[in-house]
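User: Hi! I have a protein model open and would like to talk it through with you. Could we go over it step by step?

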Amino acid sequence: MFRLGEMQTLDDLIASRREWIERVLKPWCRAAALNDLREAEADWQNLAGGVDPAATLWAWAWARFPALVHGELAAVDESREIRVTLRDGRVVTGYPDARQSQRGRLVVVAPRAGSRGFDEHGPFAIDDIVSITTP
């Protein structure tokens, strides 16, 4: 990690900022509670710079569940079926709805058993989710 006296150029400053994002900010997002994430979102421009919280803060927060996110797109991956295990013991299987899954709450859509249509499950708070896997 760079020290203030070691930064001589703009490139040094940029490298230091990138290192802070990788070593501090992303890991914090992957572990933070929903209330803390929402508080950070309110001040995200000061914390992370001029970036969209949906593409950074929330994508990094959801990255605690690798089966849920598409790494290259930094977004919830709607193309894979997932199995969500909740703290209360419920298990829900279906496809994440990225449009409805906002600000730390996940919505899962599953084909309705025995008929046409879909059932919507959630929203589930990120704090209430124990694991997300692929079936």
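Analyst: Happy to! A residue is called buried when its relative accessible area is under 20% and exposed when that area is over 50%, with partly exposed in between. Keep in mind that this is a predicted model.

User: Is A42 buried or exposed?

Analyst: A42 is found in helix α2. Its relative accessibility is 73%, and the cut-off for the upper class is over 50%, so A42 counts as exposed.

User: How far apart are the C-alpha atoms of A42 and P53?

Analyst: Along the chain, A42 and P53 are 11 residues apart. In space, the separation of their C-alpha atoms is 9.2 Å.

User: What pattern does the protein chain follow along the sequence?

Analyst: The protein chain has four helices and seven strands. Reading along the sequence gives α-α-α-α-β-β-β-β-β-β-β.

User: In what order do the five strands of the open sheet lie?

Analyst: The pairing in this open sheet is antiparallel. One example is β3 with β7, joined by four bridges, where R83 stands opposite T133 in β7. The full order of the five strands is β6-β5-β4-β3-β7.

User: Which strands stand at the edges of that sheet, and by how many degrees are neighbouring strands turned on average?

Analyst: An edge strand here has a single partner strand, so one side of it is left without a neighbour in the sheet. That applies to β6 and β7. With direction ignored, neighbouring strands of this sheet are turned against each other by an average of 40 degrees.

User: Which residues touch the most other members of the largest nonpolar core?

Analyst: In soluble globular proteins, nonpolar side chains tend to be buried together. The largest nonpolar core in this model has 30 residues. Those touching the most other members are W62, L106, I129 and I132.

User: And which element gives the most to this core?

Analyst: Several elements supply at least two residues each, including α1 (10–31), α2 (34–42), β5 (105–111) and β7 (129–133). The top contribution is five residues, and it comes from α4.

User: Which residues does W62 touch, leaving out those up to four places away in sequence?

Analyst: W62 is one of the residues touching the most other core members. Its contacts beyond that sequence window are L68, V69, V76, G104, R105, L106, F124, I126 and I129.

User: Finally, what share of the residues in the protein chain is buried?

Analyst: The C-alpha atoms fill a box of roughly 65 × 25 × 25 Å along the principal axes. The accessible surface comes to about 8300 Å², with 51% belonging to carbon and sulfur atoms. Of the 135 residues in the protein chain, the buried share is 34%.

Note on methods: Residues numbered from 1 in each chain as written. Predicted model: local features only at pLDDT ≥ 70, side-chain atom pairs only at ≥ 80, totals over all residues. Heavy atoms only, no water. Core = buried A, V, L, I, M, F, W, Y, C linked by side-chain atoms within 4.5 Å. Buried < 20%, exposed > 50% of the residue type's maximum accessible area, 1.4 Å probe, protein only. Contact = heavy atoms within 4.5 Å. Pairing = 2+ DSSP bridges. Axes fitted to C-alpha atoms, helices over the stretch in contact; angles between N-to-C directions. Areas by Shrake-Rupley, 256 points an atom, 1.4 Å probe, with all protein chains shown as cover.
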